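Hi,

Here's the structure I promised to pass on. Have a look at it first, and my notes follow underneath.

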Amino acid sequence: MPGRPRVIDPTTPLLRERIRRVFQNLPAALAGDEEAIHEMRVGARRLRVALPLLGTRPEGRRVRRARRVLRQLSRTAGQSRDLDVAVGLLEEAVGRPGSAEERVLLKRLRAARQRSRRSMAEALFDLEIARLRRDLRTVVRRRAEPVFTVSLRMRDARESRGGQALALLQSLGERFDPLALHTYRRRVRRLRYVGELAEVLRSQPSEAPAIFKDLQDRLGRVHDLYVVSQWLAQQADHAEKRGHADLAAAARRLAATFLERSQEEHRAFLAVDPAEALRRGLEAIVPVRSVA
């Protein structure tokens, strides 16, 4: 009598892999490694999206607590990562050797980055990492949901999150609103992670992750340039209060340059018809229907 066909469980290994990616970068991130900080943040965000889609009891205490700590983990590392990007942008804009005032500004930004890295390491130690690991081990022990259940959750996430993202984009129109655009970017990023999960479970390539990543990257440039412009504007204000006219003038000039570059990136973002790109990305998220 033939035995029963072996049931393939692709969801539990995927959940394990998402968990592993968070913790494999944690030691180097604590040491201040720029790339490890980035990978840790990305891993925490991916896992935070994956848990309610893959895990059993998505509204249970352990999943909710794990997602809360993962959010804290990504936010704690966020400022340090943003300053890494800001330093690179300012170094590129100033060039070498740069004026005396520009070198002062660059030195201050580097010092802020170094302080942020020290603060980040201390803050990460304050997080409940041990409890997070225990909660995630319990979630994995229960095994992930079967593919059909995950597929239904992905469909719901695509419809709800996609609708929210499209409504926000339509309310923005062509307005340059960096804070609202950054909120939209976060929503696109979550959709990208849903698309990645669907792609892995189907074992078929999909356009969705690439479409969402392009939108995310374009808005990331808008955000990064705007953040540098605001930091420079603050430096100009401080310099003026202290009577450092030359330093204030240099900071104002650079702030205006970065703000214009941010607005240029926003115009480039609008030129790709982001609403249509969002719709194409949502259509390309095809949840799994069945498993052989």
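Let's start with E174: if you skip its neighbours within four places in sequence, E174 is in contact with H266 and L270. One of those partners is a long way off in sequence, as E174 and H266 sit 92 residues apart along the chain, yet their C-alpha atoms are separated by 8.8 Å. Keep in mind that this is a predicted model. As for where E174 lives, look in the loop between α7 (147-172) and α8 (178-202). Is E174 buried or exposed? E174 counts as exposed, because its relative accessibility is 69% and the cut-off for exposed is over 50%.

Next up is L225, which belongs to helix α9 (residues 208-241). With a relative accessibility of 4%, L225 counts as buried, since buried means under 20%. What does L225 touch, leaving aside its neighbours within four places in sequence? The list is L89, F258, R261, S262 and E265. For L89, the separation along the chain is 136 residues, while the C-alpha atoms of L225 and L89 are 7.7 Å apart.

Last, some charge on the surface. R133, R134, R137 and R141 come together there as a patch of positive charge. If you want one to click on, try R134, found in helix α6 (residues 129-141). R134 has a relative accessible area of 44%, so R134 is classed as partly exposed: that value falls between the cut-offs of 20% for buried and 50% for exposed.

That's what I have for now.

Cheers

Methods: Residues are numbered from 1 along each chain as its sequence is written. This is a predicted model: local features need pLDDT of at least 70, side-chain atom pairs count only at pLDDT 80 or more; totals for chains, interfaces and linings use all residues. Side-chain values use heavy atoms; hydrogens and water are left out. Patches are made of residues with over 30% relative accessible area and no salt bridge: like charges are joined within 9 Å, nonpolar side chains (Val, Leu, Ile, Met, Phe, Trp, Tyr) within 5 Å. Accessible areas come from the Shrake-Rupley method with a 1.4 Å probe; for residues, only the protein chains shown count as cover. A salt bridge is a side-chain nitrogen of Lys or Arg within 4 Å of a carboxyl oxygen of Asp or Glu. Lys and Arg count as positive and Asp and Glu as negative; His and the chain ends are not counted. The place of a charge is taken as NZ of Lys, CZ of Arg, CG of Asp or CD of Glu. Helices (H or I, at least four residues) and strands (E, at least two) are DSSP runs, numbered from the N terminus. Buried means under 20% relative accessible area, exposed over 50%, partly exposed in between (1.4 Å probe, protein chains only). Contact means heavy atoms within 4.5 Å.
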